[in-house]
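Hi there,

Here is the structure I promised to pass on. Please have a look at it first, and my notes follow underneath.

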Amino acid sequence: MSDQAATIGPVSTADTDFNEDRARHEALSAEITEHRRRYYAENAPTISDARFDELMRELIDVETRHPELKGADSPTEQVGTFSEAFTPVRHLEKMLSLQDVFNEEEVRLWAERVSEEAADAQYLCELKIDGLAIALVYEEGRLVRAATRGDGVIGEDVSANVATIAAVPQQLRIAEGLDMPELLEVRGEVYFPSADFEKLNESRVAAGEAPFANPRNAAAGSLRQKDAAKTAERPLDFIAHGLGALRGFRPHSQSHAYAALDAWGLPTSPYWRVVDTMEEVFDYIHEFGRQRHALVHEIDGVVVKLDDIASQRRLGATSRTPRWAVAYKFPPEEVNTKLLDIKVSIGRTGRATPYAVLEPVRVDGSEVEFATLHNADQVKAKGVKIGDTIVLRKAGDVIPEVVAPVVAARDGSERDFAMPESCPECDWTLAPASEGDVDLRCPNARSCPAQLRERLFYLAGRSCFDIDRMGYIACTALVQPLSPAEPVLKDESGVFDLHMDELLPVRVVVRDPDSGLPKIDKKTGEDKTATPFARKPDPKTGEVLPRKTAEAMLENLRGAKSQPLWRVINALSIRHVGPVAAQALAEHFGDMDRLIGADEAELADIDGVGPAIAASVKDWFAVDWRREIIERWRAAGVRMVDEAPSGTEAVAKTLAGATVVITGAIPDHTRESAAAAVKARGGKVTSSVSKKTSAVVAGDKPGSKHDRAVELGVRVVPGEEFEQMLAEGLGEGDESDPE
């Protein structure tokens, strides 16, 4: 060994860690810079906002460990970038970004830091609109320039395009008590209304153009049209949320500035609020977290600012963000993933519905592998292809939905989807049920395994017979052919005649309840199978015994026979007839035979029914095998008549004429039983709150309907007072519609 070699020694762990972090810093910086270029300059991002946030947080973590890696050109020190398609223009004051935080602890840490310069501070809370940041410059009240944020110093001059937005005044109006400022630089957000986004994408796909991935991209793409006439065709809107350079106007607070902007005719958000404590800040965050999908525009969080402008000036800013404001980001509800395939499922009324098979991705707290695509026209309208990277949305408990393709990520391997000609489960030819029907349906209504499986699962649900232990796997087992024997059920007529002996031999391919696809055994690669009704044979005697769940299912089937008539009607899976229409039919007729014998005109005249449902009901009962369902259920003891209360048992009409909305968990009631109790007392139950609503019954975790009631001044009845409301009504003058 040479002397030189002997002096080198082993490489330290610290050196290795630093080298790895430096390499990661370089890779992250390059990746983030490229994504910013695609997002800001090309309006064609290829990753979700949530993924971009992850990359930025990782870069910040690396720079926290090694501050020497953070130079002036680091993405953490920059705001954005700009396109060369428009004339560059320098902002009068630098347009900063906002520091993002992702949990309450980070908000509190920010508040602790600012409190050193602003004791007893008030906070202004407002919504973080997902749009395109714009700076408007007014001189003596006249709009002279509009520019995008760009890199914060240089933006793009989009004055001609902004002039087409009706919400942006070309001339400020005279305001009482306010002088017209000599110079006013207004910061705000141009956004694309959520309701118009889907229509825009459909029109773009129909014209052979690439759809936008989300409303923010639609806003940016619309504003960056080279021809202002094209921008004028888009329903863009604007909300102001800050100020830059000023002469002739010195607001003492952010809220004072907003009041002045409003007076001059510049639109500000109707939702901003000044609060005194962090608890009120979190109340605001939670309130609009619940309402985020009920607003006219998309939001991805809440901005919290110090209201006092003198405190803002003392705190100042970093090279990228003001120290006096922070953006609380809601958990992501949109992610990007791969669309592996498009398959078709058959519903309980025969409707053929395309659904997306996805590369598994975690979104909104759960892993998603499938998403709805509604029908073939929707697939075409969204412009998605098999193999696309797509934007996936899953908001709260909403079924996952494919929003749009990420066109910029295509590599040419993607292919179009074609609707199959035949049912994937029974091979009957798919066809529209009637002229003008956009949906294809399987006409094998009686014995298509898919339709029967879905009808059984539906009739076992809470809005029908409420049969516990009769889950999706059990329903699948009952309709699968048992080679060489027939399936246990050919239709639902025999469901109440089931007995254990015919259930014990059943083996079933386990399917996913969302997609209907077989689940795969990861070890063998084969379809998973199960014996849903029988235990494993006794190894000594070979005896096969029933599962406790199977015994419970049969017991629950026996108990379900006494359910009220409306649940029986709902369980028939008549097209267009759901719980509301079923209750209307049951209340009107009270007897299955009377319903069967009614003519179409009488049915159509019932409140909550109408001509389409009336025709569907008559069509259903006109089929022999469907009437056989009624007769076999009747013979098995299923209730077919509702006995009207009489004498002292009659229910007083304490809510006659009242319109009631029920939200949250009501003590001692399911949602259905609470609604039935209101209707029995003459009230009407609706799902949305309006000025005509008589009362909102708010149980535990009521959600946005409670907030809407408070906003409109509608009476709110606490859940624990529900029984009192049923007994006493709403009081004189409160029970009927105000108009």
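**Helix packing and a cavity**

In this predicted model, the axes of α21 and helix α22 (residues 624-636) cross at roughly 80° and come within 6 Å. With that angle, α21 counts as roughly perpendicular to α22, because the range for that label is 65 to 115 degrees. On the α21 side, the contact is made by Asp619, Trp620 and Phe621, which meet Arg626, Arg627, Ile629 and Ile630 of α22. Sorted by class, this contact has 4 nonpolar and 3 charged residues, with no polar ones.

α21 (610-621) also turns up as a partner of α18. Helix α18 covers residues 579-589, and its buried residues are Ala581, Ala582, Gln583, Ala584, Leu585, Ala586 and Phe589. Besides α21, these buried residues pack against α17 (565-571), α19 (592-597), α20 (600-604) and α23 (671-680). Right after α18 comes Gly590, with a positive phi near 70°.

I also looked for enclosed space. How many cavities of 30 Å³ or more are there? The count is 1, and the largest cavity has a volume of about 30 Å³. Its lining consists of Glu126, Leu127, Ile129, Ile239, Ala240, His241 and Ser269. Strands β3 (123-129) and β8 (237-247) each contribute at least two residues to that lining. By class, the lining of the largest cavity has 4 nonpolar residues, 2 polar and 1 charged.

Happy to talk any of this through.

Best wishes

Definitions and conventions:
Residues are numbered from 1 along each chain as its sequence is written. This is a predicted model: local features need pLDDT of at least 70, side-chain atom pairs count only at pLDDT 80 or more; totals for chains, interfaces and linings use all residues. Side-chain values use heavy atoms; hydrogens and water are left out. Buried means under 20% relative accessible area, exposed over 50%, partly exposed in between (1.4 Å probe, protein chains only). Helices (H or I, at least four residues) and strands (E, at least two) are DSSP runs, numbered from the N terminus. Contact means heavy atoms within 4.5 Å. On a 1 Å grid over the protein atoms alone, a cavity is a set of points where a 1.4 Å probe fits but cannot get out, and a pocket is an open set with protein on both sides within 12 Å along at least five of seven lines; lining residues have an atom within 4 Å of a point. Grid points are joined across faces, edges and corners, and a volume is the space filled by probe spheres set on the points. Ala, Val, Leu, Ile, Met, Phe, Trp, Tyr, Cys and Pro count as nonpolar, Asp, Glu, Lys and Arg as charged, and the others, Gly among them, as polar. Axes are lines fitted to C-alpha atoms, for helices over the stretch in contact, and angles run from 0 to 180 degrees between N-to-C directions. Angles under 35 degrees count as roughly parallel, over 145 as roughly antiparallel, 65 to 115 as roughly perpendicular and the rest as oblique.
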